[in-house]
Amino acid sequence: MDFPALGLTLRLACVTTLLLLLVATPLAFWIASGRGVGRRVVQAIVALPLVLPPTVLGFYVLMGLGPATAVGRVVVWCLGHSLAFTFWGLVVGSVMYSLPFAVQPLVAGFSGVDRELLETAKVLGASPWVVFQKVMVPLSKMAFVTAAVLTFAHTVGEFGVVLMVGGDIPGVTRTLSISIFDQVQEANYAGANRMALWLVVLSFCALLAVYAKGFRRGADLG
Amino acid sequence: MRRGFGEVRTLVEGVHHRLAVKGVVGTLQLDVALEFAAPWTVIFGPSGSGKSSLLRAMCGLLPDVEVEFERRDGNAWMRLDAMQTSRRKLGYAPQQAALFPHLNVRENVAFATVQRPRGRAAWISAEQVVEGALDMFGLQMLADHATRELSGGEGQRVNLARAFVVPGARLMLLDEPFSGVDRKRRDAVLPEMKAWLADLDLPVISVTHDVDEALLLGAEVVRLDGGSVVAQGAAAVVLAEERERMLRVLG
């Protein structure tokens with residue numbers, strides 16, 4: 001068992017999930033709170049990682065972080081080195097790759113909150129921030145759980161983006177899925193299987209947690 | 001209770017709010033210009049005559065309609081239509097009770113009081129207002145219950161109580177305030193409501209399609225039909241025809 005890879009994978013998934021919830025919450029709120037072409041365009045862009053090959057996304061992140069672009073040059077200037085082939089480079093790639101898995105459940109959750117409740121809160125004097133905090137978030141708690149679990153599980157399982165952006169540096173960018181790939185390359189099928197099984201069980205438990213919770217809530221309301 | 005029953009004082013003199021609404025809501029052409037001078041004004045009319053739309057226009061919830069809405073502030077007129085909904089200082093009980101399902105009865109009633117950071121003294125007095133409103137609408141026994149356990153009439157009382165505790169409110173908007181509330185309780189709570197409002201010098205605009213209720217309130221009545229005002233005046237005058245019919249039925 002490649003424990004450094006497991007530790008790295010869990011660390012990457014935790015950081016990505018936290019950052020992504022911070023980014024996705026205002027984005028989803030904005031998308032859900034109105035109509036218009038701008039919102040639909042952003043929604044389509046957010047969904048792109050669902051259909052793009054991870055290598056395409058990884059390629060552009062790699063290029064974007066490198067000295068070939070303005071963003072990359074700023075990063076290099078600030079940090080003294082490129083983010084490519086580092087842990088934080090992986091985080092940037094993961095955040096982009098898992099963006100739809102955080103944004104979409106939140107958009108669905110926010111849109112599902114009764115508009116009349118939001119209007120009433122507003123008339124009773126609640127500022128937009130208070131409406132969000134006291135009405136929107138508590139009434140879409142399930143969406144936050146779903147977004148967090150899906151993001152976490154999806155990040156644990158990513159391969160293409162990690163390989164493109166991070167390479168395969170043990171202890172730095174070699175995540176579990178890449179370690180499995182390496183084992184298979186070395187024809188160590190038993191070792192690959194042990195790790196692969198872990199991933200299957202972990203992912204299954206995460207999804208089960210989401211569905212079990214959704215079911216309980218459904219029964220509650222019924 | 002905060003005070004006993006007393007004669008309701010008419011503290012609101014002169015016009016306190018002005019409203020002009022023009023535009024289309026659904027299939028209805030709204031064209032209304034109104035001045036509100038009475039402490040309690042009832043907007044009366046059949047379903048679909050645009051009553052609730054007028055209240056929603058005052059709240060700033062009809063974005064596609066031309067609305068002019070002003071409040072007398074000392075000797076000046078304050079433009080409310082240009083203000084954000086949350087800054088208009090309205091107590092509001094919508095037609096569907098729209099209670100917050102994640103809050104219990106007391107938390108629902110207190111909703112408007114907990115959202116602003118305030119001093120300890122203000123916090124204590126806000127708590128007293130909440131308890132007073134729970135008392136007035138007979139909700140103390142239900143205060144810790146979840147809203148989904150309430151009957152329709154109980155939910156409506158929570159809706160009303162919640163509107164009554166908005167700090168600093170300058171106008172109360174009640175949409176079918178007594179729908180689902182039995183008449184006995186309505187008749188009992190009405191004098192208390194009026195006294196509470198007179199205490200705060202807080203005018204009311206309510207909506208109803210119930211003649212009995214409009215007459216009972218003894219308020220100024222605005223009669224609405226097909227999106228336009230067809231009459232405005234004292235309840236006994238505007239609703240004279242309905243009143244006679246009712247008296248005939250009662251023998």
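Two strands are taken to pair if DSSP finds at least two bridges between them, and strands (E, at least two residues) and helices (H or I, at least four residues) are DSSP runs numbered from the N terminus. The model is predicted, so local features need pLDDT of at least 70 and side-chain atom pairs count only at pLDDT 80 or more, while totals for chains, interfaces and linings use all residues. Residues are numbered from 1 along each chain as its sequence is written, and chains are lettered from A and ligands numbered from 1 in the order in which they are written.

**Exercise 1. Find the bridge partner of Val221(B) in S10(B), and describe the hairpin around it.**

Solution. Begin with the two strands: S9 (residues 220-225) and S10 (residues 228-234) of chain B run antiparallel and are joined by six bridges. Within this pairing, Val221(B) has Gly233(B) as its bridge partner in S10(B). Then look at the turn, where two residues stand between the strands and Gly226(B) takes a positive phi near 55°.

**Exercise 2. Work out how the two domains of chain B meet.**

Solution. The bounds, which come from an automatic or database domain assignment, give domain 1 as 7-85 + 170-251 and domain 2 as 90-168. Taken over C-alpha atoms, the centres of the two domains of chain B are 22 Å apart. Their contact (C-beta atoms, placed from the backbone, within 7 Å) takes 17 residues from domain 1 of chain B and 16 residues from domain 2 of chain B. On the domain 1 side, helix H1 (51-59), strand S7 (171-175) and helix H5 (183-200) of chain B each supply at least two residues, and the largest share, five residues, comes from S7(B). By class, the residues of that side are nine nonpolar, three polar and five charged, where Ala, Val, Leu, Ile, Met, Phe, Trp, Tyr, Cys and Pro count as nonpolar, Asp, Glu, Lys and Arg as charged, and the others, Gly among them, as polar.

**Exercise 3. Locate the largest nonpolar core and the residues that touch the most other members.**

Solution. A nonpolar core is a set of buried Ala, Val, Leu, Ile, Met, Phe, Trp, Tyr and Cys residues joined through C-beta atoms within 7 Å; a residue is buried if 20 or more other C-beta atoms lie within 10 Å of its own, exposed if 12 or fewer, and partly exposed in between. The largest such core has 120 residues, of which Ala161(B) and Leu173(B) touch the most other members. Helix H5 (residues 87-112) of chain A gives the largest share, 13 residues. Because domain 1 and domain 2 of chain B both give residues to this core, it lies between them. Finally, leaving aside neighbours within four places in sequence, the contacts of Ala161(B) are Val109(B), Ala133(B), Leu134(B), Phe137(B) and Leu139(B).

**Exercise 4. Describe the side of chain A that touches chain B, and then examine helix H4 of chain A.**

Solution. The contact between the chains takes 15 residues from chain A and 15 residues from chain B. Helix H6 (115-123) and helix H7 (128-139) are the elements giving two or more residues to the chain A side, with H6(A) giving the most, six residues. That side divides into eight nonpolar, three polar and four charged residues. Turning to helix H4 (residues 70-79) of chain A, one of its 10 residues is buried, and the helix is hardly covered. Just after H4(A), Gly80(A) takes a positive phi of about 85°.

Notes: Two residues are in contact if their C-beta atoms, placed from the backbone, lie within 7 Å.
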